[in-house]
Amino acid sequence: MSAEFVRDPSNSSGILQESTSPLDSLGRAKGVWAPALTPLDVDLMPDLDKALAYYRWLLEAGCHGLALMGTNSEATSFSVRERKALLDKVLEAGISPERLMIGSGCASIMDSVELTKHATAAGCSVLTLPPFYYKDISDEGLYASYAEIIERVGSSDLRLNFYHFPKLSMVPITHEVIQRLLKAYPGVIKGLKDSTGNAESCAAYIREFPELAIFPGSEALLLEMLKIGGVGTITAGANVFPGLIRRVYDAFTNGDEEAALKADGPVQALRQTIQKHPMIPALKAVMAIKKDDPAWRRVRPPLAALDDAGSINVITELEAAGL
């Protein structure tokens, strides 16, 4: 990996940060981002020391940035207070806010506003789910939800990215709603993460909204989407093998499509393996082995940790796939 890293001069944390920004001149993100896991202590509270060490490792191992308090972070299992406290600790530790994209979408608009204001004031981007309890809502209702968040935050510094994950949220973000919001709030909306796992869904956003940074939510689609205008990926696999995924991105952006295709083989194997299992418990099981720390397997209910046999099965499959 050819990236250069520098120490953050604003603190004495010793954190290495990549010298080039993961944001373009319009504030749009790019590159490989990890929707970071949240290590837990014995009381199922965020283990902050372990989390900070892990976030540093992700950035040094190949991630351009971290998406915190999203799906893989178990965000919906944490309170607003807990989510804000975690971000505060990460920033205090010296991780640059431009390398952070904070999950801020809740069932309550007011909770979404509070989280979005907090992240925006700190200089972070946000990745915002639609309100997800009521189903079959109209485009008018979805538009109003995002409009309320944008207006109540009321900041020109807001960098909002849509989080399209209809499998879990059951609330798709339609092209029509995006078009209306782009027209009503120019410059505020920066991108979208498409977590459908469907290439045509992601490609349709890329074609329709060239002004937005479109990220597939699966590393398996990274190379395919880069070829048609995608900007990177925000993907679960980056939690455990960030370097593998970064090699695909670097090779393609350096103009070496042959090297990118070769690097993509292990990335495909990674995704095919981990998606056979409950994603978050499986990723935490891998981290438990990587760090030789069984505590990494802890998850908050309603998720359930993999048992010993399940954890060994994941590792065995990864090894069989050459990983």
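Helices are DSSP runs of at least four residues, numbered from the N terminus. With that in hand, welcome to the tour; keep in mind that the model on your screen is predicted.

**Stop 1: the largest pocket**

Select helices α5 (166-169) and α11 (279-290): each of them supplies at least two residues of the lining of the largest pocket. The largest share comes from α5, with 4 residues. How much space lies in this pocket? About 940 Å³. To find the middle of the pocket, show Thr71, Tyr163, Phe165, Leu168 and Met279, which are the closest to its centre of the 41 lining residues.

**Stop 2: strand β3 and its partners**

Now colour residues 31-35, which form strand β3. Is this strand enclosed or open? 5 of its 5 residues are buried, so β3 is largely enclosed by the rest of the structure.

Next, add residues 232-234, which make up strand β10. β3 and β10 pair in the parallel sense, over 3 bridges. For one of the links, select Trp33 together with Ile234, its bridge partner in β10.

Then add residues 65-68, strand β4, which also pairs with β3 in the parallel sense over 3 bridges. Here you can pick out Pro35, whose bridge partner in β4 is Ala67. Follow the chain from β3 through helix α1 (residues 48-61) to β4, and you trace a β-α-β crossover that is right-handed.

**Stop 3: the nonpolar cores**

In soluble globular proteins, nonpolar side chains tend to be buried together. To look at this here, select Tyr55, Leu100, Leu160, Phe162, Ile178 and Leu181. Of the 88 residues in the largest nonpolar core, these touch the most other members.

Zoom in on Tyr55. Which residues does Tyr55 touch, not counting those up to four places away in sequence? They are Ala36, Leu37, Leu66, Leu68, Leu86, Val90 and Ile95. Another core, of 13 residues, lies apart from the largest one; Ala29, Met101, Ala213 and Phe215 are among its members.

**Stop 4: two residues with a positive phi**

Select Leu44, in the loop between β3 and α1. Leu44 is not a glycine, yet its phi is positive, about 65°. Its relative accessibility is 27%, and since partly exposed covers the range from 20% to 50%, Leu44 counts as partly exposed.

Now go to Glu74, in the loop between β4 and α2 (80-92). Glu74 is not a glycine either, and has a positive phi of about 65°. Is Glu74 buried or exposed? Its relative accessibility is 3%, so Glu74 counts as buried, the cut-off being under 20%.

**Stop 5: a cis peptide bond**

Select Pro301 and Pro302. The peptide bond that joins them is cis, with omega at about 15°. For the setting, show the loop between α11 and α12 (308-320), where Pro302 lies.

**Stop 6: Ala199 in helix α7**

Finish at Ala199, in helix α7 (residues 199-208). With a relative accessible area of 22%, Ala199 is partly exposed. Leaving aside neighbours within four places in sequence, what is Ala199 in contact with? Show Leu221, Glu224 and Met225 to see its contacts. As a last step, draw a distance line from the C-alpha atom of Ala199 to that of Phe241: these atoms are separated by 22 Å, and the residues are 42 apart along the chain.

Methods. Residues numbered from 1 in each chain as written. Predicted model: local features only at pLDDT ≥ 70, side-chain atom pairs only at ≥ 80, totals over all residues. Heavy atoms only, no water. Core = buried A, V, L, I, M, F, W, Y, C linked by side-chain atoms within 4.5 Å. Buried < 20%, exposed > 50% of the residue type's maximum accessible area, 1.4 Å probe, protein only. Contact = heavy atoms within 4.5 Å. Pairing = 2+ DSSP bridges. Right-handed = clockwise from strand over helix to strand, strands pointing away. 1 Å grid on protein atoms, 1.4 Å probe; cavity = no way out; pocket = protein on both sides within 12 Å on 5 of 7 lines; lining within 4 Å. Points joined across faces, edges and corners; volume = space filled by probe spheres on them.
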